[in-house]
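This report concerns the interior of a protein chain: its aromatic rings, its nonpolar cores and one of its pockets. Please examine the sequence and the structure below before reading on.

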Amino acid sequence: MSRLVIDGLKRLKGETEVQGSKNSALPILAATLLNGDESILHNCPDLSDVSGSVNILRYLGCDVAFSGGTLVCNSKNLNKNHIPNSLMREMRSSIIFLGALLARTGSASMCFPGGCEIGPRPIDLHLKALSELGVVINDDHGVFKCHVPDGLHGAKIALSFPSVGATENVMICAVLAEGTTVITNAAREPEICDLADYLNSCGANVSGAGEGTIVIEGVQSLKGTSHTIIPDRIAAATLLAGCAATGGRIKLNKLIPSHLGGVLSVFEESGCDVSVRGSSIVFDSPHRLTAPKIIRTMPYPGFPTDAQAPIMAMAAKSKGTTLFVENIFENRYLHVGGLLRMGANIKVEGRVAVSQGVECLHGAEVEAMDLRGAAALIVAGLGAEGRTTLDGLKYLDRGYEKIEVTLSSLGADVKRV
Ligand code: UD1
């Protein structure tokens, strides 16, 4: 089993590119089922969650090749509509294959998806919305057996919460439905826009992505395409938090700075100098950070829940107190135990955490319990005195492509052993 060894307090400097977005790549990979043709995806990150999706695509009969950041999937020979439990349980976003399989084949069966244990993570919104498109769902002891007796038809779908996954599932299913689908209270994340761009490049007719109302005019069929996955805004935020924790100065290239809106203002509040130059950010952090006052996670364009953990690690060694309110997931403070071992002063009460910044963190043996928690412990390790060893890399590898190589190129002392 491998672990990361971090010798902290090496000031980050230099420049690097940001990886492709995990949360864009995963739904787009599921959507490659729709066209029965070739999809060429550039800037696809090499992650275990991407491998999980590729395993599902191959199991279903697709031809997939992945090298040098370009993934080619040909879904012409799709020949199954059941996904085995072992593949479903690898990750949460496997549920997006439900809408894709239904749209392509008219039936699908699969069990409840897996993923990080950051809360109960129900799929009721997905199932309700799909049933409004004409899907009949039978829950057979935890296996969803779904079919479309009278064909998929457009519908008015009002989501009670702007769920990212439910919005994606509906978009993917509705592009091949007959008639018009209108999703209100849709998620507005940049990854939704990227999915819409991919679908439209296949010949779909999706408008309004990035706004609260998405309109999908169903089409008969889709064609092959080539698409470039957007940069990963959470990986970018993680690198910036790591830089800030070391008082460093770095330049991040190949990103879309506007996607980091709510996060960049937190860095500025912390005393960092953030300068946006086209698709790059030049980032300079002070010797001692000022603790941001309050972080409330919200659906986009609010502060992203995925950045809460790495920012908490940064705040843990800032001057002052930060109040965190986690509004998206119920159990998203799994990193706090590790931060406490490293000398942080954080108290958690339900969805609220209060961090009283300490002068310095110290290295410790810690274990990640979820993906973004792993990122937080790396940020803390970078800014800590002495050696940190991080276990639980299976979580890290879900979402970060060789982060130790990226950090080493910026002057950090991080090794996978
Ligand atoms: C996606 C992201 C994840 C991010 C999250 C919120 C991917 C692969 N993952 O996850 O990194 O943290 O958005 O930005 O894109 N909910 C329900 N019923 C449902 C669906 C969701 O109650 O049917 C609840 C969830 O339990 C959670 C909240 O809605 O409390 C947000 O979930 P959702 O937006 O669906 O997140 P994911 O798509 O799972």
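In this predicted model, the count of aromatic pairs comes to 1. Its members are phenylalanine 267 and phenylalanine 283, whose ring planes stand at 85°; an angle over 60 degrees counts as edge-to-face, so the pair belongs to that class. The ring centres are 5.1 Å apart. The pair joins distant parts of the chain, since the two residues are 16 residues apart in sequence. The table sets out both partners.

| Residue | Element | Relative accessible area |
|---|---|---|
| Phenylalanine 267 | helix H9 (residues 261–269) | 0%, buried |
| Phenylalanine 283 | strand E16 (residues 280–284) | 0%, buried |

Both rings count as buried because a residue under 20% relative accessible area is placed in that class.

In soluble globular proteins, nonpolar side chains tend to be buried together. Here the largest nonpolar core contains 74 residues, and Met171 and Leu199 have the most contacts inside it. Helix H4 (residues 96–105) supplies the largest share of this core, with 7 residues. Beyond its neighbours within four places in sequence, methionine 171 is in contact with several residues, including Ile183, Leu195, Leu199 and Ile216. Another core, of 70 residues, lies apart from the largest one; among its members are Leu239, Leu252, Ala380 and Ala384.

The second largest pocket holds about 260 Å³ of space. Of the 15 residues that line this pocket, Leu9, Ala245, His287, Lys317 and Glu359 are the closest to its centre. What classes of residue make up the lining of the second largest pocket? The lining has 6 charged, 5 nonpolar and 4 polar residues.

Key:
Residues numbered from 1 in each chain as written. Predicted model: local features only at pLDDT ≥ 70, side-chain atom pairs only at ≥ 80, totals over all residues. Heavy atoms only, no water. Core = buried A, V, L, I, M, F, W, Y, C linked by side-chain atoms within 4.5 Å. Buried < 20%, exposed > 50% of the residue type's maximum accessible area, 1.4 Å probe, protein only. Helix = DSSP H or I, 4+ residues; strand = E, 2+ residues; numbered from the N terminus. Contact = heavy atoms within 4.5 Å. 1 Å grid on protein atoms, 1.4 Å probe; cavity = no way out; pocket = protein on both sides within 12 Å on 5 of 7 lines; lining within 4 Å. Points joined across faces, edges and corners; volume = space filled by probe spheres on them. Nonpolar A, V, L, I, M, F, W, Y, C, P; charged D, E, K, R; others polar. Phe/Tyr/Trp six-rings, centres within 6.5 Å; stacked < 30°, edge-to-face > 60°.
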